[in-house]
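Let's walk through a protein model together, one question at a time. Have the sequence and the coordinates open as you read.

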Amino acid sequence: FDGARAFLYDAARQARLRATLAVWLDEMLSGPWDAAWVERRRRIGDVHVKVGLPSHYMFTAMNVVVDACVEVAEECCADDRVAVGRALRRVADLELAVMVGSYIDTRERRELDHLSHLLFAHLPTSVLLLDEHGRVLAATLRAGLHTPAAGEADRDAVLDKVRVDAVGLAGLIDAAHASGVDQSSGHVEVVDKGQRRVVRATAVPLGHLRAHTLVHLEDLTATMSAELRAQQA
């Protein structure tokens, strides 16, 4: 395939891959097929995503390797060649199952992360997605960050401290997860740099493996002022 040729463009990379292939083949044939082996196979699927190789390359390469191993088995184990060939194909199927599963998981996770970052970056309000340790997974532009990488920034480094302290954000987050429902601070007045502001914070418990809490911060100052002018009129 042209894509594979582009990936194997230099002799140095080919030499490294030959060495890696030798280790991989030895582990596939001799085991042990334990949790550490599964993790190493999962990394192969991850690497295919990172370098941009389509998943069908794994199937093609595995077929080539297994066919070569079966040919060797037929020469060396003539009496047991059927059983050996069957065993080779079973362990190859197991290898593929782990690698392809990891490939799909990694690719879907990357695509979802990219999509969530795009959505968060263009929301016209202050929204943050936090993990269980308070680290920012994604944020809108109004929150102060442009789609940070997972764990790149701490919540307190992103949010305005005056507003956070006023609405008691940490308590809202704890209450939201304790109750399982959204918790809002209501309208809270703060004085920031000599200016009176009206803000509201909402913490939404997500119950997701990666995304722990969604935090929505609203500056209602302009809205409240407009309502007051309307009432006076």
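What follows is a set of questions and answers about this predicted model.

Q: How many helices and strands does the protein have?
A: The model is a predicted one, so secondary structure here is that of the prediction. Both kinds of element occur, and the count for the protein is nine helices and seven strands.

Q: What percentage of the residues of the protein count as buried?
A: A residue is counted as buried when its relative accessible area is under 20%. The protein has 233 residues, and the share of them that counts as buried is 33%.

Q: What part of the exposed area do carbon and sulfur atoms supply?
A: Start from the total: the protein exposes about 14300 Å². Of that area, carbon and sulfur atoms supply 56%.

Q: What share of the contacts with a separation of 6 or more joins residues 24 or more positions apart?
A: Take the contacts in the protein whose partners have a separation of 6 or more. Within that set, residues 24 or more positions apart account for 45%.

Q: At what angle do helices H2 and H4 pack?
A: H2 covers residues 11–30 and H4 covers residues 56–76, with the two axes 13 Å apart. H2 passes H4 in a right-handed crossing. The packing angle is about 65°.

Q: Which residues make the contact between H2 and H4, and of which class are they?
A: On the H2 side the contact is made by Trp24, Leu25 and Met28, and on the H4 side by Met62, Val65 and Cys69. No polar and no charged residues take part, so by class the six are nonpolar.

Q: Which residues of H4 are buried?
A: The contact with H2 uses Met62, Val65 and Cys69 of H4, and these three are among the buried residues of H4. The full set of buried residues in H4 is Tyr57, Met58, Met62, Val65, Val66, Cys69, Val70 and Ala73.

Q: How far apart are the end C-alpha atoms of H4, and what span should its 21 residues have?
A: The expected span follows from 1.5 Å a residue, which for the 21 residues of H4 gives 30 Å. The end C-alpha atoms agree with this, because they too are 30 Å apart.

Q: Is the peptide bond from glycine 31 to proline 32 cis or trans?
A: Proline 32 lies in the loop between H2 and helix H3 (35–51). The omega angle of the bond from glycine 31 is near -5°, and the bond is cis.

Q: Is methionine 99 buried or exposed?
A: Methionine 99 lies in helix H5 and touches Arg41, Ile44, Gly45, Met58 and Met62, leaving aside residues up to four places away in sequence. Its C-alpha atom is separated by 6.1 Å from that of isoleucine 44, 55 residues away along the chain. With a relative accessible area of 4%, methionine 99 falls under the 20% limit and is therefore buried.

Q: What is the C-alpha distance between leucine 94 and methionine 28?
A: Leucine 94 is also found in helix H5, and is partly exposed at a relative accessible area of 41%. Methionine 28 is 66 residues away in sequence, yet the C-alpha distance is 9.6 Å.

Q: Which residue has its C-alpha atom 9.5 Å from that of alanine 87?
A: Alanine 87 lies in H5, which covers residues 81–121, and has a relative accessible area of 44%, so this residue is partly exposed. The partner is 58 residues away along the chain: leucine 29.

Q: Which residues does arginine 197 touch?
A: Arginine 197 has its place in strand S6 (residues 195–205) and is partly exposed, with a relative accessible area of 22%. Its C-alpha atom is 7.5 Å from that of leucine 220, 23 residues away in sequence. Not counting residues up to four places away, arginine 197 touches Arg163, Val188, Glu189, Val190, Asp192, Asp219 and Thr221.

Methods: Residues are numbered from 1 along each chain as its sequence is written. This is a predicted model: local features need pLDDT of at least 70, side-chain atom pairs count only at pLDDT 80 or more; totals for chains, interfaces and linings use all residues. Side-chain values use heavy atoms; hydrogens and water are left out. Helices (H or I, at least four residues) and strands (E, at least two) are DSSP runs, numbered from the N terminus. Buried means under 20% relative accessible area, exposed over 50%, partly exposed in between (1.4 Å probe, protein chains only). Axes are lines fitted to C-alpha atoms, for helices over the stretch in contact, and angles run from 0 to 180 degrees between N-to-C directions. A crossing is left-handed if the near helix is turned anticlockwise from the far one by less than a right angle, and right-handed if clockwise. Contact means heavy atoms within 4.5 Å. Accessible areas come from the Shrake-Rupley method with a 1.4 Å probe; for residues, only the protein chains shown count as cover. The expected span of a helix is 1.5 Å times one less than its number of residues.
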